[in-house]
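Dear colleague,

I am handing over the structure we spoke about, and below it you will find my notes on its salt bridges. Please read them with the coordinates open.

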Amino acid sequence: MPTTKRDRYHHGDLRAALIDTAMELIAEQGVQGFSMAEASRRLGVAVSAPYRHFTDRDELLAEVGVRTGELLVAAVTAERGGDSAEERLVAVVRGYVRFAAGHRALFEALLGTLTPAAEPELDRAMRPVKAAFHDAATALSGGDPAAAEALGMAVIATAQGHAGLLYLGTFGTGEQALEAAVGRAAAATRALIAGRAALG
């Protein structure tokens, strides 16, 4: 049987249960609608209980960001690509857009929780995604660090931009819109790779 959030709490892991519950609430209501008090109520604990594990709401949100970063890593890793650096980079972009589409509130929370206090933890969680972008961009740039950075930044902006356009409804709604956004992002990535010399 899978372990529930209440099971985690009753087995003494209130910290993990609070992170799970915060992610659930943010997915339902968005990060602006999340409160420590609501998480406490959902778990059936005193409103003071979370403060034995987290200094404040921001600290809990930082942990949500870390967990979301780990989920993004898993989504990007699961996206299949070919053996070439180009196909690996395109696969990373596809996985990134798919995750952003399927977990909008958590994705937006991830982007919004990068505070100085949270930065080290979030950086560690996101390192595999950054490495996936960087390693493929480096291979495509012949090991030139400046060229790799220019290509990597352009591709990240492309992935982020297509996720944002999907949120705005530019591609329509539903699964068809998602596939359109993923396809457009992949095509734009290939165009950037083909014209990478123009990136400077």
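In what follows, a residue is called buried when its relative accessible area is under 20%, exposed when that area is over 50%, and partly exposed in between. Please keep in mind that this is a predicted model.

By this scale Arg 98, at 28% relative accessibility, counts as partly exposed. Arg 98 forms a salt bridge with Glu 79, and the closest N and O atoms of the two are 3.3 Å apart. Since Glu 79 lies in the loop between H4 and H5 while Arg 98 belongs to helix H5, the pair ties together parts that are 19 residues apart in sequence. Through salt bridges that share partners, Glu 79, Arg 94, Arg 98 and Glu 179 are joined into one network.

Within that network, the side chains of Arg 94 and Glu 79 also meet in a salt bridge, at 3.1 Å from N to O. Arg 94 lies in helix H5 (residues 85-102) and Glu 79 in the loop that follows helix H4 (57-78) and leads to H5, so this pair ties together parts 15 residues apart in sequence. Arg 94 is buried, with a relative accessible area of 16%, and Glu 79 is buried as well, at 17%.

The structure holds eleven salt bridges, including one in which the side chains of Glu 28 and Arg 42 meet at 3.0 Å, N to O. Glu 28 lies in helix H2 (residues 14-29) and Arg 42 in helix H3 (residues 36-43), so the pair ties together parts that are 14 residues apart in sequence. Glu 28 is partly exposed, with a relative accessible area of 49%, and Arg 42 is partly exposed at 27%.

With best regards

How values were computed:
Residues numbered from 1 in each chain as written. Predicted model: local features only at pLDDT ≥ 70, side-chain atom pairs only at ≥ 80, totals over all residues. Heavy atoms only, no water. Salt bridge = Lys/Arg side-chain N within 4 Å of Asp/Glu carboxyl O. Helix = DSSP H or I, 4+ residues; strand = E, 2+ residues; numbered from the N terminus. Buried < 20%, exposed > 50% of the residue type's maximum accessible area, 1.4 Å probe, protein only.
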